[in-house]
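Open the model in your viewer and keep the selection panel at hand. The tour goes from the whole chain to single side chains.

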Amino acid sequence: MGNAHVFLLMAFYNELTFNMLTITELCNQLADAYEAKGVAVRENLRPGLSTTEILEIVAPLNIIVPDDVIELYQWANGHIDEDDLELHRNLCFRDNNFISLQNAVSEYKSIQETYGIYSTLEQDLVDLKSCLPISAFQGSWDVVACGAHLFGASMEHPIIRVFQGIDMYFHSIPSMLETCIEWVSSPNWQNLRGLPDEEETEIWKRHTPDLFRARS
């Protein structure tokens with residue numbers, strides 16, 4: 001059995017295990033992993049929003065908000081101190097900072113004014129106008145594909161990295177959270193530095209093997 005088949009099987013069994021957990025439970029696991037390393041992320045999280053509040057904030061963007069995004073922002077509405085460039089108490093999705101929904105609306109406009117001018121579904125495999133940012137840091141964004149994309153029918157709402165290009169990074173919000181939990185839980189993980197490249201990639205492959213096959 002080749003390595004590609006092994007990684008696919010591992011991803012399948014990981015997904016079966018994690019899919020038993022809600023996004024709220026996965027978010028709590030990630031916060032627990034941070035706090036086990038002495039990073040008090042919960043102290044810097046805004047209270048979650050109601051479904052009505054979420055839909056009202058995002059309404060100007062004319063985006064159909066997926067249930068996964070609603071549950072994420074019901075858990076917490078980003079950080080209290082979003083201007084903390086040191087990220088000492090920030091919960092990050094890899095290297096981008098979990099942002100408030102109000103900031104997401106602002107960041108959406110920034111994306112459309114830069115990448116959105118030239119982006120097309122055929123070129124970038126995603127309709128960038130239907131993508132909602134959930135994390136950002138210094139000109140880099142992670143966005144949820146809330147509309148059309150060409151990454152495969154098995155991925156309803158993949159996570160796209162917008163930074164010096166437009167690339168699929170995770171199959172879904174749960175997949176992103178699962179990967180981040182494993183990263184932060186590693187004995188080798190350090191706040192602000194993450195993991196050594198080889199270990200980070202090995203974990204990433206277990207959750208998103210097709211991403212790395214496409215890049216090889």
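The stops below run from overall figures to a helix, the salt bridges and the cysteines.

**Whole chain**

Start with everything shown as cartoon. This is a predicted model, and its secondary structure comes to 9 helices and 8 strands. The protein chain has 216 residues, of which 49% count as buried. Its accessible surface is about 10,700 Å², with 52% belonging to carbon and sulfur atoms. Among contacts with a separation of 6 or more, 59% are between residues 24 or more positions apart.

**Confidence**

Colour by pLDDT next. The mean over the protein chain is 88, and 87% of the residues reach 70 or more. Then select residues 1-18, where pLDDT stays under 50. For that stretch the model has 18 contacts beyond four places in sequence.

**Helix H8**

Select residues 197-207, which form helix H8, and show side chains. Which residues of H8 are buried? They are Glu200, Ile203, Trp204, Arg206 and His207. Look down the axis of H8: the buried residues fall within an arc of 155 degrees, so they line one face of the helix. An α-helix has 3.6 residues a turn, so residues three or four places apart point the same way. Now turn to the other side of H8, where Asp197 and Glu198 are exposed.

**Salt bridges**

The structure holds 8 salt bridges; three are visited here.

Select Asp32 and Arg42, whose side chains meet in a salt bridge at 2.9 Å, N to O. Asp32 sits in helix H2 (residues 23-36), and Arg42 lies 10 residues away in the loop between H2 and strand E1 (45-47). Both ends are partly exposed: Asp32 has a relative accessible area of 41%, and Arg42 has 32%.

Move on to Arg89 and Glu43, a salt bridge with an N to O distance of 3.8 Å. Arg89 is in the loop between strand E2 (76-79) and strand E3 (92-93), while Glu43 is in the loop between H2 and E1; they are 46 residues apart. Arg89 is partly exposed at 32% relative accessibility, whereas Glu43 counts as exposed at 55%.

Now select Arg161 and Asp95, which pair at 2.9 Å, N to O. This salt bridge links strand E7 (residues 159-162), which holds Arg161, to the loop between E3 and strand E4 (96-98), which holds Asp95. The two residues are 66 positions apart in the chain. Is Arg161 buried or exposed? Arg161 is buried, with a relative accessible area of 4%, while Asp95 is partly exposed at 35%.

Extend that selection to Arg94, Asp142 and Glu200. Together with Asp95 and Arg161 they form one network, joined by salt bridges that share partners. Glu200 was seen earlier among the buried residues of H8.

**Cysteines**

Finish by selecting the cysteines. How many disulfides are there? The count comes to 0. Cys131 is in no disulfide, and the nearest cysteine sulfur, in Cys146, is 6.7 Å away. Cys131 is buried, with a relative accessible area of 2%.

Go last to Cys180. Its closest cysteine sulfur is that of Cys92, at 8.9 Å, which is too far for a bond. Cys180 is buried, with 1% relative accessible area.

Conventions: Residues are numbered from 1 along each chain as its sequence is written. This is a predicted model: local features need pLDDT of at least 70, side-chain atom pairs count only at pLDDT 80 or more; totals for chains, interfaces and linings use all residues. Side-chain values use heavy atoms; hydrogens and water are left out. Helices (H or I, at least four residues) and strands (E, at least two) are DSSP runs, numbered from the N terminus. Buried means under 20% relative accessible area, exposed over 50%, partly exposed in between (1.4 Å probe, protein chains only). Contact means heavy atoms within 4.5 Å. Accessible areas come from the Shrake-Rupley method with a 1.4 Å probe; for residues, only the protein chains shown count as cover. The arc is that of the directions from the helix axis to the C-beta atoms. A salt bridge is a side-chain nitrogen of Lys or Arg within 4 Å of a carboxyl oxygen of Asp or Glu. pLDDT is the predictor's confidence in each residue, from 0 to 100. A disulfide is a pair of cysteine sulfur atoms within 2.5 Å.
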